[in-house]
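This report describes the fold, the core and the surface of one protein. Please consult the sequence and the structure below while reading.

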Amino acid sequence: MIVFESGPWRARRVVLAFDTPLEAAAYAAENAFVDYLIAPLSFLAPTGVPRA
């Protein structure tokens, strides 16, 4: 979940992680977040190890 402030491209907080989007939405409601985005999280990693 990314919580925004002062416009759509300024993140105030990033909250990780929830088991379901419904749990994330409930968290947002409990904390009175108005402008937020729920999205899947991915970590990118190189597929190989560079050789020295």
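Is Val14 buried or exposed? Val14 is exposed, because its relative accessible area is 56% and the limit for that class is over 50%. The model discussed here is predicted, and the sections below place this residue within the fold.

## Overall architecture

The protein contains one helix and three strands. Read from the N terminus, these elements follow the order β-β-α-β. Of its 52 residues, 13% count as buried. The exposed area of the protein is about 4700 Å², and carbon and sulfur atoms supply 59% of that area.

Contacts across the sequence also contribute to the picture. Among the contacts in the protein with a separation of 6 or more, 39% are accounted for by residues 24 or more positions apart.

## The sheet

The three strands form an open sheet with the order 2-1-3 and antiparallel pairing. Strand 2 (11–14) and strand 3 are the edge strands, each pairing on one side only. In general, the strands of a sheet pair through backbone hydrogen bonds, in either a parallel or an antiparallel manner.

Strand 1 (residues 2–4) and strand 3 run antiparallel and are joined by two bridges. Within this part of the sheet, Val3 stands opposite Tyr36 in strand 3.

## Two residues of strand 2

Arg12 is found in strand 2. With a relative accessibility of 43%, Arg12 counts as partly exposed; this is because the value falls between the limits of 20% and 50%. Beyond its neighbours up to four places away in sequence, Arg12 touches Val3, Phe4, Glu5 and Phe33. Arg12 and Ile2 are ten residues apart along the chain, and their C-alpha atoms are separated by 7.6 Å.

Val14 is also found in strand 2. Once neighbours within four places in sequence are left aside, Val14 is in contact with Met1 and Ile2. Val14 and Phe4 are ten residues apart along the chain, with 9.0 Å between their C-alpha atoms.

## The nonpolar core and the helix

Which residues make up the largest nonpolar core? This core has six residues, namely Met1, Val3, Val15, Ala24, Ala28 and Phe33. Two of its members have been met above: Val3 and Phe33 are both touched by Arg12. Another member, Ala24, touches Met1, Phe18 and Ile38, not counting residues up to four places away in sequence.

Ala25 lies in helix 1 (residues 21–30). Its relative accessible area of 26% makes Ala25 partly exposed, because a buried residue would have to fall under 20%. Residues up to four places away in sequence being set aside, Ala25 touches Tyr36 and Ile38. Ile38 is thus a contact of Ala24 and also of Ala25. The C-alpha atoms of Ala25 and Leu37 are 9.2 Å apart in space, while the two residues are twelve residues apart in sequence.

## The loops on either side of the helix

Ala17 is placed in the loop between strand 2 and helix 1. Ala17 counts as exposed, at 64% relative accessibility. Along the chain, Ala17 and Pro40 are 23 residues apart, and the separation of their C-alpha atoms is 9.3 Å.

Ala32 lies in the loop between helix 1 and strand 3. Ala32 is likewise exposed, with a relative accessible area of 63%. What is the phi of Ala32? Ala32 has a positive phi of about 60° although it is not a glycine. Most residues other than glycine have a negative phi.

## A nonpolar patch on the surface

Val14, Leu16, Leu41 and Phe43 form a nonpolar patch on the surface. Together these residues have about 470 Å² of accessible area. Val14 brings strand 2 into this patch, whereas Leu41 lies in the segment after strand 3 (36–37).

Leu41 is partly exposed, with a relative accessible area of 48%, whereas Val14 is exposed at 56%. The two residues fall into these classes because the limit for an exposed residue is over 50%.

Key:
Residues numbered from 1 in each chain as written. Predicted model: local features only at pLDDT ≥ 70, side-chain atom pairs only at ≥ 80, totals over all residues. Heavy atoms only, no water. Core = buried A, V, L, I, M, F, W, Y, C linked by side-chain atoms within 4.5 Å. Buried < 20%, exposed > 50% of the residue type's maximum accessible area, 1.4 Å probe, protein only. Contact = heavy atoms within 4.5 Å. Patch = residues over 30% accessible without salt bridge, like charges linked within 9 Å, V, L, I, M, F, W, Y side chains within 5 Å. Areas by Shrake-Rupley, 256 points an atom, 1.4 Å probe, with all protein chains shown as cover. Salt bridge = Lys/Arg side-chain N within 4 Å of Asp/Glu carboxyl O. Helix = DSSP H or I, 4+ residues; strand = E, 2+ residues; numbered from the N terminus. Pairing = 2+ DSSP bridges.
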